[in-house]
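Ready for a few warm-up problems? Keep the sequence and the 3D view open side by side, and try each task before you read its solution.

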Amino acid sequence: MDKVENSNEWDIVIKANTSLFDLKFNDLWQYRDLLLLFVKRDFVSFYKQTVLGPLWFFLQPLFTTIIFSFVFGNLAGISTDGLPKYLFYLTGITSWNYFSDCLTKTSTVFKDNASIFGKVYFPRLIMPLSIVVSNLIRFGVQLLLMVLMMLYFYWFPVLGTSFHVTNGLFLFPFLVVLMALLGLGLGLIITAMTTKYRDLTFLVTFGVQLLMYATTVIYPLSYAKAKGYGFIVELNPMTGIIECFRYAFLGKGEFTFGSLSYSVIVTLVVLVLGIVIFNKTEKNFVDTI
């Protein structure tokens with residue numbers, strides 16, 4: 001349902017969509033206060049009854065980085081392109097966590113909020129957008145952890161490793177937007193499909209974890225190419241984003257504008273497809289959820 005203004009009779013008139021592409025983006029701006037309310041709700045409710053609260057923002061990537069460094073860096077001996085192991089894995093984990101959080105939480109937005117959708121009108125796209133924005137808080141905290149670790153290795157360098165910040169840092173806001181939109185688009189497609197096929201909820205849970213191993217989170221792209229799997233890894237649009245992210249902060253990574261352009265194209269296609277499918281499904285999902 002959409003809201004339109006009619007100054008002759010009513011302040012607000014609600015009527016059905018006339019087209020899949022009748023997205024009414026103006027409504028999103030008019031309901032921006034509701035978006036901020038949902039962002040606050042997501043943040044408070046998630047950590048309301050936890051002992052450590054927001055400290056989990058730090059602990060989760062820190063422990064994951066330590067385990068990855070031990071398993072993949074020490075035991076498996078996978079190259080990190082001459083970068084300190086902890087920095088190499090933390091950059092990949094920080095960027096991947098934001099994308100995966102946007103994807104997994106958006107993928108259940110219909111199921112998790114069916115009671116709200118069935119009672120009151122508001123632009124349905126507000127809900128997945130609030131998830132993307134609220135995840136920025138967690139991403140910001142993990143980014144701070146990454147910067148602190150960069151400062152540590154700058155002051156106490158490890159023999160045989162080196163890193164430096166590059167002018168690719170100017171692309172950082174663009175990379176964050178790309179990760180958010182790619183996760184949002186995939187999440188919208190999946191949440192629309194889960195209204196009829198609940199099995200997808202279980203598939204996403206471990207599917208995202210498996211997808212991480214097809215991305216350059218735990219190994220550099222150069223390592224995948226040396227093993228003959230570079231082409232397959234590059235098909236993943238997150239590979240170009242993470243390589244650019246790592247190049248911007250650490251000065252290492254096979255960043256090219258061609259790979260980043262591929263990620264942009266895939267992201268835009270997925271986002272448009274996701275919004276259209278979401279727009280179609282929201283008309284009758286209450287009857288099938």
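Below are four exercises on this predicted model, each with a worked solution.

**Exercise 1. Find out how confidence varies along the protein chain.**

Step 1: Start with the whole chain. The average pLDDT is 82, and 80% of the residues score at least 70.

Step 2: Look for the extremes. Confidence is lowest in strand 1 (residues 2-6), with a mean of 48, and highest in helix 12 (residues 237-250), at 94.

Step 3: Look again at the start of the chain. Residues 1-7 have a pLDDT below 50, and this stretch has 29 contacts in the model beyond near neighbours in sequence.

**Exercise 2. Check whether the span of helix 8 agrees with its number of residues, then decide how enclosed the helix is.**

Step 1: Work out the expected span. The rule is 1.5 Å times one less than the number of residues, and for the 22 residues of helix 8 this gives 32 Å.

Step 2: Compare with the model. The end C-alpha atoms of helix 8 are 32 Å apart, which agrees.

Step 3: Turn to burial. In helix 8, 16 of the 22 residues are buried, so the helix is largely enclosed by the rest of the structure.

**Exercise 3. Describe the surroundings of Thr194.**

Step 1: Place the residue. Thr194 sits in the loop between helix 8 (172-193) and helix 9 (199-212).

Step 2: Is Thr194 buried or exposed? Buried means under 20% relative accessible area; Thr194 has 4% relative accessibility, so Thr194 counts as buried.

Step 3: List its partners. The side chain of Thr194 reaches the backbone oxygen of Thr191 at 2.8 Å. Leaving out residues up to four places away in sequence, Thr194 touches Ser107, Leu200 and Thr201.

**Exercise 4. Compare the settings of three salt bridges.**

Step 1: Recall the principle. Side chains of opposite charge can pair when their charged atoms come close.

Step 2: Take Arg138 and Asp101, whose closest N and O atoms are 2.9 Å apart. This pair links distant parts of the chain, with Arg138 in helix 7 and Asp101 in helix 4, 37 residues apart. Arg138 is buried at 14%, and Asp101 is buried at 11%.

Step 3: Take Glu254 and Lys225, at 2.7 Å. Here Glu254 is partly exposed at 28%, and Lys225 is partly exposed at 40%. Both belong to a network of salt bridges with Glu234.

Step 4: Take Arg246 and Glu243, at 3.7 Å. Both lie in helix 12, 3 residues apart, about one turn of the helix. Arg246 and Glu243 are both buried.

Terms used. Residues are numbered from 1 along each chain as its sequence is written. Side-chain values use heavy atoms; hydrogens and water are left out. Helices (H or I, at least four residues) and strands (E, at least two) are DSSP runs, numbered from the N terminus. Buried means under 20% relative accessible area, exposed over 50%, partly exposed in between (1.4 Å probe, protein chains only). A polar contact is a pair of N or O atoms within 3.5 Å; within protein, one must be able to donate a hydrogen and the other to accept it, and residues adjacent in sequence count only if both atoms are side-chain atoms. Contact means heavy atoms within 4.5 Å. pLDDT is the predictor's confidence in each residue, from 0 to 100. A salt bridge is a side-chain nitrogen of Lys or Arg within 4 Å of a carboxyl oxygen of Asp or Glu.
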